[in-house]
Amino acid sequence: DADIVDVGTATDSELAGKDLTGKIALVNRNTSFHRSAQLRNVTAKGAVAMLYLSVAPMNLRQVGSVRFDWEAADMIPAVTIGADDGKLVRDAIAANKTVRAQLNVQITTQPGTGANVIGMIKGERDEMIVCGAHYDSWFSGSSDNGSGVAELLAVAGRRLQHGKPKYTLVFVGYDGEETGLYGGYDYLRKHVVVGGDNVLAVINFESPSANDPDIAGLVHSNQPKLDEALQKAHLRQIYGVYAGLEIVAKLFGGIIPTDIHLV
């Protein structure tokens, strides 16, 4: 039960000098700055809750895990509200009115079971190239990430038509990405940390059917041979964004919110 304070997208610069102790932070969704980073930032400033303002049309709410770590619940509650309802709140705050909210969030958790789906094309050598896409999604998930799975299957099917590859090719459908990147971490632990698989490269397909091709991106780790191979395939010309992987963590507030941890 507290006053609401509009903090924009809750980036470090927007929160500079602000004290949210005992307040509820109204946070606007940002398509690049991740919601878990927003929650972390307002919590550090003393907020007792976060109202996450959707930008979807017709008062639709956007959902997704806001936890930064793997705990079942974070230190403060976060509730999503629709854009139309949020505008009423935001306009009242902008008019210097006191806006107060009462939140009663009851949390229950129960263990869940997930499974990665793994296929392999044995190569002439044991070194592996891992291609992956998470198959879990929020709601229908046609872009995030049904299209990634479709691309993964298409690449695997096409490669089967070209005989034995030089390197062993592994195709992974990750589970649990939306709830905390569990599938990616599970694969990393079982096959690299414990299993000792010799993974040369990882290719991750994430939302390849996004509706704006001008912002479709290919990001890669700082490996000269990888960059050379990608450019040789003319991928730098195809993608509107071609950059180092470090830009993802910088944009999203210090995290990489997809299954690309093997790099």
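1. In this predicted model, a polar atom of the Asp 259 side chain lies 3.1 Å from the backbone nitrogen of Gly 184. Asp 259 itself belongs to the segment that follows helix H8 (246–252).

2. The surroundings of Asp 259 deserve a remark. Leaving aside residues up to four places away in sequence, Asp 259 touches His 134, Tyr 174, Glu 177, Leu 181, Gly 183, Gly 184 and Asn 204. Its relative accessibility is 2%, so Asp 259 counts as buried, the cut-off being under 20%.

3. One of the residues that Asp 259 touches, Tyr 174, also takes part in an aromatic pair. The structure holds one such pair. Its members are Tyr 174 and Tyr 187, arranged edge-to-face, with 6.4 Å from centre to centre and 80° between the planes. The pair links distant parts of the chain, 13 residues apart: Tyr 174 is in strand E8 (residues 167–174), whereas Tyr 187 is in helix H5 (residues 182–194).

4. As to the exposure of the two rings' residues, Tyr 174 is buried, with a relative accessible area of 0%. Tyr 187 is buried as well, at 2%.

5. Helix H2 (residues 35–44) is a separate topic. Of its 10 residues, eight are buried, and the helix is thus mostly covered. The buried residues are Arg 35, Ser 36, Ala 37, Gln 38, Leu 39, Asn 41, Val 42 and Thr 43. Their cover includes helix H1 (12–15), strands E2 (24–28), E3 (49–53) and E4 (78–81), and also H8.

6. The backbone just after H2 should also be noted: Gly 46 adopts a positive phi of about 100° there.

Definitions and conventions:
Residues numbered from 1 in each chain as written. Predicted model: local features only at pLDDT ≥ 70, side-chain atom pairs only at ≥ 80, totals over all residues. Heavy atoms only, no water. Helix = DSSP H or I, 4+ residues; strand = E, 2+ residues; numbered from the N terminus. Buried < 20%, exposed > 50% of the residue type's maximum accessible area, 1.4 Å probe, protein only. Polar contact = N/O pair within 3.5 Å; in protein donor to acceptor, adjacent residues only side chain to side chain. Contact = heavy atoms within 4.5 Å. Phe/Tyr/Trp six-rings, centres within 6.5 Å; stacked < 30°, edge-to-face > 60°.
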